[in-house]
Amino acid sequence: MDKDSSTSVNQDANSGNNDDDTSELCPGFKDVDAFVKYGLGTVVSATKASAGLPQAGDEYDFYRSFTGFQDFCESQGDNLLRCMSQIMKHHGCRSHMMNQNTLTGQEDRFDLMVDSNDAILERVGILLDEADGVNRTQGPVMPAGFQPPKIVVSSWNRKGSGSGGRSEMFRLLHAKNVARPQLKFKEKVDNSNTPFIPKIFIKPNAVKPLPSYFTNKQMHKEKPEDLDVPAALADFIHQQRTQENVVDMCAHPYQYELDHLMIPESLLSKSEPQLYKPVAETKCSFITTLEELAALNEKLCQLSEFAVDLEHHSYRSFLGITCLMQISTREEDFIIDTLELRSEMYILNEAFTDPAIVKVFHGADSDIEWLQRDFGLYVVRLFDTHQASRALNLARHSLDHLLTHFCNVASDKRYQLADWRIRPLPEEMVQYARADTHYLLYIYDCVRAQLLDFNHGQPGLLKSVWDRSRDISLKKYMKPIFTEESYLELQRKQKKSFNTQQLAAFRLLFAWRDKLARQEDESTGYVLPTHMMIKISEELPKEPQGIIACCNPVPPLVRQQVNELHLLVQQAREMPLLKAEIAAQKKKGLTPIGKNQNTLFGPHDTSRVSEGDLHHFSSDAELPEGRGLLFSDDEQKMEIDVSETSGLMAAAQITLFEETETPKSQSLSVAQRKARRIEETFENPFRMYLPSEDIHVNQNAKFDPSSKIFEISKKWKLLSVEQQQQELEAKRKAKQEAKEQAKKATVLNANNVATVRQQAAESTKGGGTKRERVSSEVGESSPKPKKKQLKCAEKTETASQDTFKPFDYSQSDLKVFAAGTRPKNNTQFDPNQQKPPKGQKSSCGPGGRSMSYLAGKSERGFRHNWPKR
């Protein structure tokens, strides 16, 4: 329904016709509740039906293979698209859901559906807010151009009367398209990143004359050649022009007058409050021309006090605009259109700077700065009722509370955030602006009398309010200057903690917002609100759509510059994170860091070790140290007592290119020779780079840069291919000879082993004595001399005749277990061999040797002496 139809429906409902009770809301539905109940049931059933459809994937592909299912899906899909198009068309959205390209049709339909859902849900939210009596849009209340405003009936704009009668209706004011008043200004708005230069060039009521810099109006004006100067040179040009007048520019023009301002006795004494005239009986003048402004200035100069207030707009301007000035006297009210008279407002300096005239403001902290910035106006003899309210310790210090407390007037603050740029001003806004100053002079009389009564008639408290008001008059307008550290102040105010990447994004977005706001003459809140900028900095979206998703609603300039913003976010994402920030992110993530049990991850990794766990090496401590040997055959051995040293100093020596040498003097057993052959199969990979005694090197290769010899050095030579082949053949022959010798030794040992029956027959010859050890005949086939064999036989015969004695372990030599040693005496324990008497050598069989006990001569420990079956 449109607004007219809704109005007619409400009027019919108020008329009280009996037909309204029997009329139906929709065909088939008696009231809204029935319609909602039916609609909810339909939605629930549709949701259940959709859940029963085949899931996307193999299941859907299987059903899709049937022609009947495919035709059914296409027909139902067309019906759904047709219904969606009708709904979108009903709500004024794009509804081309059926006519789409086959390639990009699905994406286009999805975009249309998302846009339509946003529009419909937004409209639903607005209607629900209107029904609840809450206006959540927070948009400025503005009239719709020159069109007559429409009456909207709702609960939120209905003012109830105290008697309970019919409610009074207000008009809802809209102004979506307002012409920018900055385009009509005679002086261009200066949004450059330079300090503010006061606009004053004439100083009325001056005790100290104005500096020469301000008196020259031609110098103050912007030169024509400066219009095309890039913004990057603005600071340099400003410094060159003003380097001789910096002191004069920074000083307040009326600093001397305000410092020597004396308060007369008449302002410190008590006087009877003069009651205000009713608003209906007071004349109100709207001043829009220079002649009317000059006439107003003459009237104000003849008065002893007047009240002043300003209406300001800051949302669609970088520095802000003063749109309206209200001045009230005891007899008359004036409203000045400062947008039209912006360049001529300096005329009022004659009355504003007169110390004999009291200028009454309420909360003049911002008004003083706005007057200096836009008009070059300064105030002398200011009285701030806000400071008086604070001195009186009132419950609240707002103008609304003062009007209620002193005048019993209920102010309407609905237009406090209205857009005061709109012209012509509607009557409601004119009355609101007029009420701000109409009662202010009476409040001034009342608070001045109460200040004297509160202090028992002494003027001390009243004088303190005059002093505070004078301090407010001394305030100077400071232009917002962008620096490299400006973003830090905003971050501290927001109390946000960012990591390195987030802080870099916040810094880049802050600089982009400030630069674009100055160029377009828009507020930073309009370009990119602070909470949206923080959201983007925290999320760091990877795609431009993510930036749009962080803004709700999306600012117009953000939508236009989304690609540039995406580049800034990408630049911030490339910043490296600190070590602590990486640890913090892992702690918040899914893979927390576990502490290793070992304090050191490596022999030289001390990054996770406390200082107390490390060894302290002082310069005075003398530690043993050895000279490092590089590619040397001579090793230096150091005898160091490890217990006396706090740290180990290892001598550096590289043995990568050295080959282990085995002593050739000792005779090797079969097993040792086999182990040696296995070791020889593992060739040194760096053998080709080692020098050899018999080398064949081409002389031309030494000077050829492409050869390997030239690359390494002159000392390191490559072996020729022929020499390598000869070495391989020699190794192959040596291996074959070693195998043949091992086979021969194995056959001889196997043939000379005595059987168990032979050993038992020989043991019974002793006539019931203990079993004697039988000497093996393996020695006969041994290549050793026969004298040694006879000695071993004699030793066995004498050992059998002695009585058995237990082995004394206390006299054993444990060095038998050391590898590579060869003890002189056989101290190995053998239960079949008794300890020989002193002076005799131990018996030993010349058979094979054991790998475990190299020094032992027992024949029972070798597998070749085992009896054959």
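At what angle do helix α19 and helix α20 pack, and how far apart are their axes? The angle is about 135 degrees, and the axes lie 7 Å apart. This legend set covers that pair and further views of a predicted model.

**View 1. Helix α19 packs with helix α20.** Helix α19 spans residues 440-454, and helix α20 spans residues 460-473. Angles over 145 degrees count as roughly antiparallel, and those from 65 to 115 as roughly perpendicular. At about 135 degrees, α19 and α20 are therefore oblique to each other. On the α19 side, the contact is made by Y444, R448, L451, L452 and F454. On the α20 side, L461, L462, V465 and W466 take part. By class, this contact has 8 nonpolar residues and 1 charged residue. Polar residues are absent from it.

**View 2. Helix α22 packs with helix α27.** Helix α22 covers residues 500-520, and helix α27 covers residues 562-573. Their packing angle is about 150 degrees. The cut-off for roughly antiparallel is over 145 degrees, so α22 is roughly antiparallel to α27. The two axes are 8 Å apart. The crossing of α22 and α27 is right-handed. From α22, the contact uses Q501, A504, A505, L508, L509 and W512. From α27, it uses E564, L565, L568, Q571, A572 and R573. The class count for α22 with α27 is 8 nonpolar, 2 polar and 2 charged residues.

**View 3. Buried residues of helix α17 and their packing partners.** Helix α17 runs over residues 399-407. Its buried residues are L399, H401, L402, L403, F406 and C407. These buried residues pack against three helices: α16 (385-391), α18 (427-438) and α19. Helix α19 also appears in View 1, where α20 is its partner.

**View 4. N408, the residue that follows helix α17.** What is the sign of phi at N408? The phi of N408 is positive, near 55 degrees. The helix before N408 is α17, with C407 among its buried residues.

**View 5. The whole protein chain, as context for the close-ups.** The protein chain has 33 helices and 10 strands. Of its 869 residues, 30% are buried. Consider contacts between residues at least 6 apart in sequence: 65% of them join residues at least 24 apart. The chain exposes about 58900 Å². Carbon and sulfur atoms supply 53% of that exposed area.

Notes: Residues numbered from 1 in each chain as written. Predicted model: local features only at pLDDT ≥ 70, side-chain atom pairs only at ≥ 80, totals over all residues. Heavy atoms only, no water. Axes fitted to C-alpha atoms, helices over the stretch in contact; angles between N-to-C directions. Helix = DSSP H or I, 4+ residues; strand = E, 2+ residues; numbered from the N terminus. Parallel < 35°, antiparallel > 145°, perpendicular 65-115°, else oblique. Left-handed = near helix turned anticlockwise from the far one by under 90°. Contact = heavy atoms within 4.5 Å. Nonpolar A, V, L, I, M, F, W, Y, C, P; charged D, E, K, R; others polar. Buried < 20%, exposed > 50% of the residue type's maximum accessible area, 1.4 Å probe, protein only. Areas by Shrake-Rupley, 256 points an atom, 1.4 Å probe, with all protein chains shown as cover.
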